[in-house]
Amino acid sequence: MTERIFYTDVYCQRFEATVLACQPQKKKGYEVVLDGTAFYPEGGGQPGDWGTLGGVAVTDTRERGDEIVHLTDKPLEVGATVTGQLDWVHRFSLMQNHSGEHIVSGIIHRKTGGNNVGFHMGSDTITVDLDVELTAQELAEIEAEANAQVWANGVTHIFYPTAEEQKTLDYRSKKELTGDVRIVTFPGADTCACCGTHVARTGEIGLIKLLSVQKFREGCRIEMLCGDRALAYVNRILEQNHQISVALSAKPMKTAVSVERLKAENAQMSYRLNEMEQAAFQQKADALAGAGEVLLFEPPMAPDSVRKLAVAVMEVCGGRFGVFAGDEESGYKYAIGQQDGDLGAFVKVMNQQLHGLGGGKPFFVQGSVAAKKTEIEAFWQG
Ligand SMILES: [Zn+2]
């Protein structure tokens, strides 16, 4: 059985141990077992530790029976004494986030009776699944209370109650537990059965930030971040807001107002542009009234504008009308119309010869062609 240094000294970052076994993994790398380790193996929702053993990289740590297996990229000599060095930034972040999750789950349990039914520590965010629904307002209150617990800097109490004590102890647990139960208590906030690593004082969590809540199965899912991850997240959001602030020449706290104004201006401009475009199309249509068959080339336009122009001219020209909007590089979008006409055969051949796609009603079709202006003109005249 591997000695679990992370339970006797959770802050141990560096230790010496003897290599008991080293086996190649199925695909690549090695599995190393020591007589004792400070590397926490994946479990209880907390990912395994990373670091080095005798200078060799440890990419993950897992539990197998009562042994702890270190996954390394190179082999180590059995019997050798090696120095283990944890990736402490990674591990301490997991401690901050795991402890923060307990405090949040404990507060929710006390306030609503809701239970944490799923917990995942991903590389981006931590998610907590609950069997109750929470409003954004409740989330804000829970966040405030959780951070008050952090600032109170309470001492974490971890113990193994006797079978008798266990009967009367009120603690959260995802499953019925038998035998030795490890209880993690954050006084005033939470008591929970857990095998993970936790900070010794709540102040070390730094910050608890609840990011979102959304309906999930019978309850809800909360996204949250603590400590270094919460700080990194806040900095990323600040950078986004800074960029918007600079782009809009708006004060950092006025970016949302500025975006709303910009959207309103944009809507107004779209409306005016639409009206002007419609007037311009009408002018073109008036000029082509009674012209018979007409082929028109226009600069690139939105498909809807191509359609509007085609409808306006088709109604007055008295023949087949085609508009091709685009350029030689990216091809042309087209709309072809003829009042009471049947364009089916014409458009089928056109799409074949001009590498086109499109269709519609017998009297009106829309699509695009990958062809040059001269080719379109030649086909139209042919
Ligand atoms: Zn836990």
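Biologist: What makes strand β2 (residues 14–24) and strand β8 (residues 81–86) a pair?

Modeller: Two strands pair if DSSP finds at least two bridges between them, and five bridges join β2 to β8, so the criterion is met. The two strands run antiparallel, and A17 has V82 in β8 as its bridge partner. β8 also pairs with strand β5 (residues 51–53), in the antiparallel sense, over three bridges; there, G51 is matched with L86. This is a predicted model, in which local features need pLDDT of at least 70 and side-chain atom pairs count only at pLDDT 80 or more, whereas totals for chains, interfaces and linings use all residues. Residues are numbered from 1 along each chain as its sequence is written.

Biologist: How many helices and strands are there in the protein chain, and what counts as each?

Modeller: The chain has nine helices and 20 strands. Both are DSSP runs numbered from the N terminus: helices are H or I with at least four residues, strands E with at least two.

Biologist: Why is the protein chain described as more spread out than a compact globule?

Modeller: Its radius of gyration, taken over C-alpha atoms, is 34 Å, well over the 21 Å that the globule rule gives for 382 residues, so the description holds. The rule is 2.2 Å times the number of residues to the power 0.38. Along the principal axes, the C-alpha trace spans about 100 × 50 × 40 Å.

Biologist: How do you know that the span of helix α3 (residues 136–151) agrees with expectation?

Modeller: The expected span is 1.5 Å times one less than the number of residues. For the 16 residues of α3 this gives 22 Å, and the end C-alpha atoms are 23 Å apart, which agrees.

Biologist: Which residues of α3 are buried, and why are they assigned to the same side?

Modeller: I142, A146, N147, Q149 and V150 are buried, that is, each has 20 or more other C-beta atoms within 10 Å of its own, against 12 or fewer for an exposed residue. They cover an arc of only 150 degrees around the axis, so they lie on the same side of α3. The face turned away from them carries the exposed residues Q137, A140, A144 and W151.

Biologist: Why are β9 (116–121) and β14 called edge strands?

Modeller: The open sheet has the order β9-β10-β15-β14, with antiparallel pairing. β9 and β14 each have a single partner strand, so one side of each is left without a neighbour in the sheet. β9 pairs with strand β10 (residues 126–130) over five bridges, and F119 stands opposite V128 in β10.

Methods
Arc of directions from axis to C-beta.
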